[in-house]
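This report looks at charged pairs, buried polar contacts, the nonpolar interior and a nonpolar region of the surface. Please consult the sequence and the structure shown below while reading.

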Amino acid sequence: MNLAAHSGLVLRLGLAFVFGWFGIDKFLNVSAWYGWIPSWLSFVPQDGFLYVLGALEVIAALLLLIGRYVRLASLGCAALLIGVVVSFGINEITVRDIGLAAMALALAMMPEPIRYHEMHVFHQLMRRRKK
């Protein structure tokens with residue numbers, strides 16, 4: 001079994017979980033995220049900004065989960081994470097974001113057959129069942 005062929009799936013599902021969690025939590029516990037709004041965005045209403053960001057994170061998570069527009073979703077995730085690191089510097093939280101951004105960039109740089117490998121495997125299994 002070629003485990004490397006499943007690396008795109010592992011990255012996709014991992015990022016989908018993290019961004020799904022972040023996005024949903026912004027709707028359930030918005031005040032916990034106020035401290036993560038950069039000071040240069042102080043003119044933006046906090047709740048509105050976080051709801052929009054949460055919605056974008058949930059959309060990115062869903063795209064990663066279903067395997068559609070993976071490159072776009074992973075680049076968006078990486079851009080968001082890099083923005084957090086640039087805005088807040090390196091600390092005990094943003095160190096994690098650097099690793100997640102690297103995962104998202106690695107996923108975006110993968111050739112399409114690897115990023116979508118599991119879709120092909122699923123279709124092959126379904127064809128075999130019909131025979």
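## Salt bridges

In this predicted model, Arg96 and Asp97 form a salt bridge in which the closest N and O atoms are 3.0 Å apart. The two partners have unlike surroundings: Arg96 has a relative accessible area of 41% and is therefore partly exposed, whereas Asp97, at 3% relative accessibility, counts as buried. Side chains of opposite charge can pair when their charged atoms come close.

The structure holds 2 salt bridges, and another pairing joins the side chains of Glu57 and Lys26, with an N to O distance of 2.9 Å. Because Glu57 belongs to helix α2 and Lys26 to helix α1, this pair ties together parts that lie 31 residues apart in sequence. Both Glu57 and Lys26 are buried.

## A buried arginine in α1

Arg12 lies in helix α1 and has a relative accessible area of 2%, so this residue is classed as buried, the cut-off being under 20%. Its side chain reaches two backbone oxygens: that of Leu64 at 2.5 Å, and that of Leu65, which lies 3.0 Å from a polar atom of the Arg12 side chain.

## The nonpolar core

The largest nonpolar core comprises 24 residues, and the members that touch the most other members are Leu15, Phe19, Leu64, Cys77 and Leu107. Two or more residues of this core come from each of the helices α1 (7-28), α2 (46-66), α3 (70-88) and α4 (94-109), with α1 giving the most, 6 residues.

Leu15 illustrates how these contacts are arranged, since, when residues up to four places away in sequence are not counted, Leu15 touches Leu64, Leu100, Met103, Ala104 and Leu107. Leu64 thus appears twice in this account, as a residue touched by Leu15 and as the owner of a backbone oxygen reached by the side chain of Arg12.

## A nonpolar patch on the surface

Leu75, Ile82, Val86, Leu105 and Met109 make up a nonpolar surface patch of about 490 Å². Helices α3 and α4 each supply at least two residues of the patch, and the largest share, 3 residues, comes from α3.

Leu105, one of the patch residues, lies in helix α4. Its relative accessibility is 32%, and Leu105 therefore counts as partly exposed, a value that also meets the requirement of over 30% relative accessible area for patch residues. Helices α3 and α4 accordingly take part both in the nonpolar core and in the nonpolar patch.

Methods:
Residues are numbered from 1 along each chain as its sequence is written. This is a predicted model: local features need pLDDT of at least 70, side-chain atom pairs count only at pLDDT 80 or more; totals for chains, interfaces and linings use all residues. Side-chain values use heavy atoms; hydrogens and water are left out. A nonpolar core is a set of buried Ala, Val, Leu, Ile, Met, Phe, Trp, Tyr and Cys residues joined through side-chain atoms within 4.5 Å. Buried means under 20% relative accessible area, exposed over 50%, partly exposed in between (1.4 Å probe, protein chains only). Helices (H or I, at least four residues) and strands (E, at least two) are DSSP runs, numbered from the N terminus. Contact means heavy atoms within 4.5 Å. Patches are made of residues with over 30% relative accessible area and no salt bridge: like charges are joined within 9 Å, nonpolar side chains (Val, Leu, Ile, Met, Phe, Trp, Tyr) within 5 Å. Accessible areas come from the Shrake-Rupley method with a 1.4 Å probe; for residues, only the protein chains shown count as cover. A salt bridge is a side-chain nitrogen of Lys or Arg within 4 Å of a carboxyl oxygen of Asp or Glu. A polar contact is a pair of N or O atoms within 3.5 Å; within protein, one must be able to donate a hydrogen and the other to accept it, and residues adjacent in sequence count only if both atoms are side-chain atoms.
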